[in-house]
Amino acid sequence: MNDGDAMRLALREAGLAQGHGDVPVGAVLLGPDGAVLAAAHNDREGTADPTAHAEVLALRAAAAELGTWRLSGCTLVVTLEPCTMCAGAIVLARVDRVVYGAVDDKAGAAGSLWDVLRDRRLNHRPEVVSGVLEQECAQVLRDFFAPRRS
């Protein structure tokens, strides 16, 4: 599966988050063979869990599927640039690649506000690919927040 196809799946997941009032962020975790291991969306509102970000939920599901916390060889595809919490979890899980769509200028930790994923002081640094279907990913967020801001 290529990055664009995986991002389209992540966008579908984002729609599920929006359906129950959560910020529409979706994530898909691909195994070393490119097959989908896990898909998730933000679920903080539904679970009352501040850590229930799409990335963390996808990492947990993929680790359970594989039976190991080490997700070496895997790619995480997410509609919004990961925050510091998610970036830390990605590093700890040893994910090899991170692909994201929209930049998060307020909380991003993959190159915009911070760059946790490529911090040379850490023992693992995944490859980062940004801007995949960026406009589509950003539009979903704009559409969600527009009525809340007016």
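# Close-up views of a predicted model

**View 1. W69 and R94, two loop residues brought together.** W69 has its place in the loop between helix 3 (54-66) and strand 3. Everything shown here and below comes from a predicted model. Is W69 buried, partly exposed or exposed? With a relative accessibility of 44%, W69 counts as partly exposed. Its partner in this view, R94, sits in another stretch of chain, the loop between helix 4 (84-93) and strand 4 (97-102). Count along the sequence and W69 and R94 are 25 residues apart, yet in space their C-alpha atoms are 8.4 Å apart. R94 also counts as partly exposed, at 23% relative accessibility. Take a look at the backbone of R94 too: its phi is positive, near 65 degrees, and R94 isn't a glycine.

**View 2. Strand 1 and its hairpin with strand 2.** Let's start with the pairing: strand 1 (residues 26-30) and strand 2 (residues 36-41) are antiparallel and share 5 bridges. To find your way along the pair, look for L30, which stands opposite V36 in strand 2. Further along, A27 faces A40 of strand 2. What links the two strands? The hairpin has 5 residues between them, and G34 takes a positive phi near 90 degrees there.

**View 3. Strand 1, covered on both faces.** How many of the residues of strand 1 are buried? The count is 5 of its 5 residues, so this strand is mostly covered, with buried meaning under 20% relative accessible area. In a regular strand, side chains take turns between the two faces of the sheet. You can sort the residues of strand 1 that way: G26, V28 and L30 lie on one side, A27 and L29 on the other, and all of them are buried. Strand 1 has another partner besides strand 2, since strand 1 and strand 3 run antiparallel and are joined by 4 bridges. Here A27 turns up again, standing opposite V78 in strand 3.

**View 4. Strands 3 and 4, a parallel pair.** Which way do these two strands run relative to each other, parallel or antiparallel? Strand 3 (residues 75-80) and strand 4 run parallel, with 5 bridges joining them. A handy landmark is V77, which stands opposite V99 in strand 4. Strand 4 is mostly covered, as 5 of its 6 residues are buried.

**View 5. N42, a buried loop residue with a backbone contact.** N42 belongs to the loop between strand 2 and helix 2 (44-47). Loop or not, N42 is buried, with a relative accessible area of 5%. What does its side chain reach? A polar atom of the N42 side chain lies 3.2 Å from the backbone oxygen of V23.

**View 6. C83 and C86, two cysteines without a bond.** A disulfide is a covalent bond linking the sulfur atoms of two cysteines. How many disulfides does the structure hold? There are 0. Why don't C83 and C86 make one? Their sulfurs are 3.7 Å apart, which is too far for a bond because a disulfide needs the pair within 2.5 Å. For C86, too, the closest cysteine sulfur is the one in C83. Both residues are buried: C83 has a relative accessible area of 14%, and C86 has 1%.

**View 7. H53 and M85, another pair separated in sequence.** You'll find H53 in the loop between helix 2 and helix 3. H53 is buried, with a relative accessible area of 16%. H53 and M85 are 32 residues apart in sequence, and their C-alpha atoms are 9.1 Å apart in space.

**View 8. L133, just ahead of helix 5 in a loop.** L133 sits in the loop between strand 5 (127-130) and helix 5. Its phi is positive, about 50 degrees, although L133 is not a glycine. Is L133 buried or exposed? At 18% relative accessibility, L133 counts as buried.

**View 9. The largest pocket and its lining.** Rolling a probe as big as a water molecule over the atoms shows where empty space is left. How much space is in the largest pocket? It holds about 610 Å³. The lining is made of 24 residues, and L80, V103, D104, L141 and F145 are the closest to the centre. Helix 5 (residues 134-149) gives the largest share of that lining, 7 residues. Sorted by class, the lining has 12 nonpolar, 3 polar and 9 charged residues.

Key. Residues are numbered from 1 along each chain as its sequence is written. This is a predicted model: local features need pLDDT of at least 70, side-chain atom pairs count only at pLDDT 80 or more; totals for chains, interfaces and linings use all residues. Side-chain values use heavy atoms; hydrogens and water are left out. On a 1 Å grid over the protein atoms alone, a cavity is a set of points where a 1.4 Å probe fits but cannot get out, and a pocket is an open set with protein on both sides within 12 Å along at least five of seven lines; lining residues have an atom within 4 Å of a point. Grid points are joined across faces, edges and corners, and a volume is the space filled by probe spheres set on the points. Ala, Val, Leu, Ile, Met, Phe, Trp, Tyr, Cys and Pro count as nonpolar, Asp, Glu, Lys and Arg as charged, and the others, Gly among them, as polar. Buried means under 20% relative accessible area, exposed over 50%, partly exposed in between (1.4 Å probe, protein chains only). A polar contact is a pair of N or O atoms within 3.5 Å; within protein, one must be able to donate a hydrogen and the other to accept it, and residues adjacent in sequence count only if both atoms are side-chain atoms.
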